Number of protein chains: 2
Amino acid sequence: MTATWDTRPWPALKERQDASLPDRFARSAAERPDGTVEEVLGWLGRRRAQVPFAVERIPFHALDGWSSEPGTGNLVHRSGRFFTVEGLHVRIGEQPGCVEWHQPVIVQPEVGILGVLAREFDGVLHFLMQAKMEPGNPGLLQLSPTVQATYSNYTKVHKGAAVRYLEYFTDPSQGRVLADTLQSEHGSWFHRKRNRNMVVEAVGPVPEHEDFRWLTLGQIHELLRHDNTVNLDARSALAGLYVPGTPGALHSDTELLSWLAAQRSVTPIRSTRVPLAGLPSWTYGDSSVDHEDGLHFRVVALSVQAGNREVGHWTQPLFEPREQGVVAFLTRTVEGVPHVLARARAEGGFLDAELGPTVQCQPGTYAHLPATDRPPFLDRVLAADPSRIRFSALLSEEGGRFLNAVSRYLIVEADESDAPFDTPPGFRWVSRDQLAVLTRYSHYVTIQARTLLLCLNSLDA
Amino acid sequence: MTATWDTRPWPALKERQDASLPDRFARSAAERPDGTVEEVLGWLGRRRAQVPFAVERIPFHALDGWSSEPGTGNLVHRSGRFFTVEGLHVRIGEQPGCVEWHQPVIVQPEVGILGVLAREFDGVLHFLMQAKMEPGNPGLLQLSPTVQATYSNYTKVHKGAAVRYLEYFTDPSQGRVLADTLQSEHGSWFHRKRNRNMVVEAVGPVPEHEDFRWLTLGQIHELLRHDNTVNLDARSALAGLYVPGTPGALHSDTELLSWLAAQRSVTPIRSTRVPLAGLPSWTYGDSSVDHEDGLHFRVVALSVQAGNREVGHWTQPLFEPREQGVVAFLTRTVEGVPHVLARARAEGGFLDAELGPTVQCQPGTYAHLPATDRPPFLDRVLAADPSRIRFSALLSEEGGRFLNAVSRYLIVEADESDAPFDTPPGFRWVSRDQLAVLTRYSHYVTIQARTLLLCLNSLDA
């Protein structure tokens, strides 16, 4: 038997955790020079004015490259790539408490990259943010990660321009990985979608481009408070950065993981993809697929003209929520350690329940119901005294798939009467640090809870 | 707005990690009194002799309560519970490197409990192990967790006797949770199966029963070296116990997680459930479903007569591998820190790739192929000098679903010519402690790698 492998001497061990990172992130979060945020907002405004964008609603039959698949009615692209819009039959829980429904769903098995490039300038970490248009965004253009690429993008299925800076994320030797996790996306709208959320620190000079700016964490935190300015993918990628250290919490890590395992066990998610045509409770029209009671969301089609995208013109289906949502964490600081009231959420597109916000809903769905039938804590969040609202901004979801999907994101300080230690079933107090550790692993923290984690981190400075 | 929730004062924070656990596990692992293992083997032998078991192969039409579903040919139970045997169409990876096949698969969405009860006697942790029969086990009876219950078991769908000691695992206030994670099962045979792997420490006296014995970790480690003695579920539940502490490794934790995220991204797993009847490459006979080349496994049916199970007589389908497998970790100790050579495994029933053994296969499948087409490291493991084999035993997989599914489990110390630092694609050196941390989270470490982690831990004392 011969040795065919490389036999160079082995390297020395390295530290499993980089002890310098918490300080470096804190320094970047504290760096927020006066007036610079206004300057960034001005730059976003200029880019919005300079690059011609036009978005128009069209009927399904006017989609180009997309068609309604014979037999199923599913919306599919002729390349077989990108994504499909199909029906989903969801059953959650075991008998007799099983809940069941049908809904349209976006199926996109390929894993995209949401990558933020970092670099140190004058001893302070900066992050390369992009002014990027997505057709579903309110205002179209938002502050986005350096790279936001589907597998189709970066293998050039649609024959567009190369994705700028992509090489830092596909070839790790070009930099140093600070965070990298496959995360779930919206489980109510996507079936089993995962994206790779990455932050990579460049080791050498990085070429400049007019669509990109280096910003500190402090600047990004401040921009987060401006409505519809920091996009979903940027929030998701940067949420994984915070490095936790507090050793105490209301529940031990094992107790928390055990509670989540129990929640997952009693709410197994059985989902079956079914044809979009004939989906019970949904009406398939010429230019939209609608819920029969006008609830939840609808499927629509857009024609898009854009100046700075890989492809200048295209059409595509999107999901459009029927109203503005509310996404909130109730928080309490116990012995100096911030905690959030997390809820285990079993969404139809997930494999298993994940930790989500205290409140996440479209309030209109419940407006006609008595208070006892409305989501727990919704009324408390909506009626919270302004002095207890630590964070409030309108933030939108992924504008490449969702049209005007805007929610008010809130962090509300609770008092004991609002939110006790003994929580209703499905809720648990989780320390900010525990939430941050779980964000390093796949399928533990929902995308809405990751946005709220970033909002919570922005309150530190 | 009125306070409807409990307003008792909040408890103090607790430590997120229990600092006393590593010592307590180490003390239990060191406790291995002479002659006691022989005594346990004697007890297992007596139980085997005392309780009448009979297992017989039957044709599919002789299954009672099970039938071949009209239209699909899927094997289903009339209650709609337990599990089904269906077809699976698997595609792994992206074009042009996409790999594709069809296979039968077991579908069982409900989450089972694999629970081991612990208790301290004279300052040493003991674990309550059960002498349990499963029809597919070689020797039928093996050492099993305290509780091994499907949701159907503990909600009594099959109207059998209550599951002994189950209350410790369904009501956490009866004890103290030491480990609790939803883990994947065999991704090549199950579609998306998860079981809840629990270890709970009892706080008060625990009633005795003749089918159960209190054993130390040291005794269990020694029994693990006896062929087909410690069952799969016991190995899986106890693998999560080791509490890691070493701060150094060949790759940092972030580098390791990033590498796994990259592996998961390039091998997306697309699986679609399809009818068992007419499954390409498989032949559906009267008493078995076979691969056309006689490879992999077959689906068979058994009639079972058992004296100490919840139900005394039943019939069921099982999967039977075509030959004995090989499951091995190559290991190297670097600066005193043990490492294993893990391979990212994308199996058809997984959501995403997980960390698996260096080698895991049925060698006969590759016997006719040239060395370059055989699985990497297989030949090195099979030809390893006996002085480098740190662990070797025949261990079987879950006897409730798999018939005579036996593999030789090996831990083989590598030298530099066997296994270099620069590994082939899909392989990575992972420290034992990193593997143990990942075992606390769902869907990171395969069930075969968890068994090997327990084997590795058994070498410490």
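# Notebook: chains A and B

I began with the strands that cross between the chains, and found that strand β15 (residues 248-249) of chain A pairs in the antiparallel sense with strand β1 (residues 14-15) of chain B, over two bridges. Looking up one of the residues concerned, I noted that A:Ala249 has B:Lys14 in β1(B) as its bridge partner. I keep in mind throughout that this is a predicted model.

**Interface, extent.** I next asked how many residues each chain brings to the contact. The answer is 78 residues from chain B and 78 residues from chain A. The size of an interface is often expressed as the accessible area that is lost when the parts come together. For chain B and chain A I noted a buried area of about 7400 Å², with carbon and sulfur atoms giving 57% of it.

**Interface, polar and charged pairs.** I then turned to the charged side chains, and wrote down eight salt bridges across the interface of chain B and chain A. I looked at the one between B:Asp253 and A:Arg16, in which the closest N and O atoms are 2.8 Å apart. For polar contacts between chain B and chain A, I recorded 26 residue pairs, both residues of a pair being at pLDDT 80 or more. Which element gives the most to the side of chain B that touches chain A? I found that helix α7 (residues 253-266) of chain B does, with nine residues. Sorting the residues on that side of chain B by kind, I have 35 nonpolar, 17 polar and 26 charged.

**Symmetry.** I superposed the copies on paper, as it were: chain B falls on chain A after a rotation of 180 degrees with 0.0 Å of shift along its axis, at an RMSD of 0.0 Å. I therefore entered the relation as that of a two-fold axis. The same surface serves both copies, since 100% of the contact residues of chain B recur in chain A.

**Strands within chain A.** Moving inside one chain, I followed strand β5 (residues 84-92) of chain A, which pairs with strand β6 (residues 99-107) of chain A in the antiparallel sense over nine bridges. In this pairing I located A:Leu88 opposite A:Gln103 in β6(A). The hairpin of β5(A) and β6(A) has six residues between the strands, and there I noted that A:Gly93 takes a positive phi near 95 degrees. I also found β6(A) paired with strand β12 (residues 190-191) of chain A, in the parallel sense and over two bridges, where A:Val107 has A:His191 in β12(A) as its bridge partner.

**Salt bridges over all chains.** Lastly, I took down the total, which comes to 52 salt bridges over all chains. One that I looked up joins the side chains of A:Arg24 and A:Glu120, at 2.8 Å from N to O. Because A:Arg24 lies in helix α1 (residues 21-30) of chain A and A:Glu120 in strand β7 (residues 112-121) of chain A, the pair ties together parts that are 96 residues apart in sequence.

Key
Residues are numbered from 1 along each chain as its sequence is written. Chains are lettered from A and ligands numbered from 1 in the order in which they are written. This is a predicted model: local features need pLDDT of at least 70, side-chain atom pairs count only at pLDDT 80 or more; totals for chains, interfaces and linings use all residues. Side-chain values use heavy atoms; hydrogens and water are left out. Contact means heavy atoms within 4.5 Å. Buried area is the accessible area (1.4 Å probe) that two parts lose on being put together, summed over both. A salt bridge is a side-chain nitrogen of Lys or Arg within 4 Å of a carboxyl oxygen of Asp or Glu. A polar contact is a pair of N or O atoms within 3.5 Å; within protein, one must be able to donate a hydrogen and the other to accept it, and residues adjacent in sequence count only if both atoms are side-chain atoms. Helices (H or I, at least four residues) and strands (E, at least two) are DSSP runs, numbered from the N terminus. Ala, Val, Leu, Ile, Met, Phe, Trp, Tyr, Cys and Pro count as nonpolar, Asp, Glu, Lys and Arg as charged, and the others, Gly among them, as polar. Two strands pair if DSSP finds at least two bridges between them. Copies are superposed by least squares on the C-alpha atoms of residues with pLDDT of at least 70 in both.
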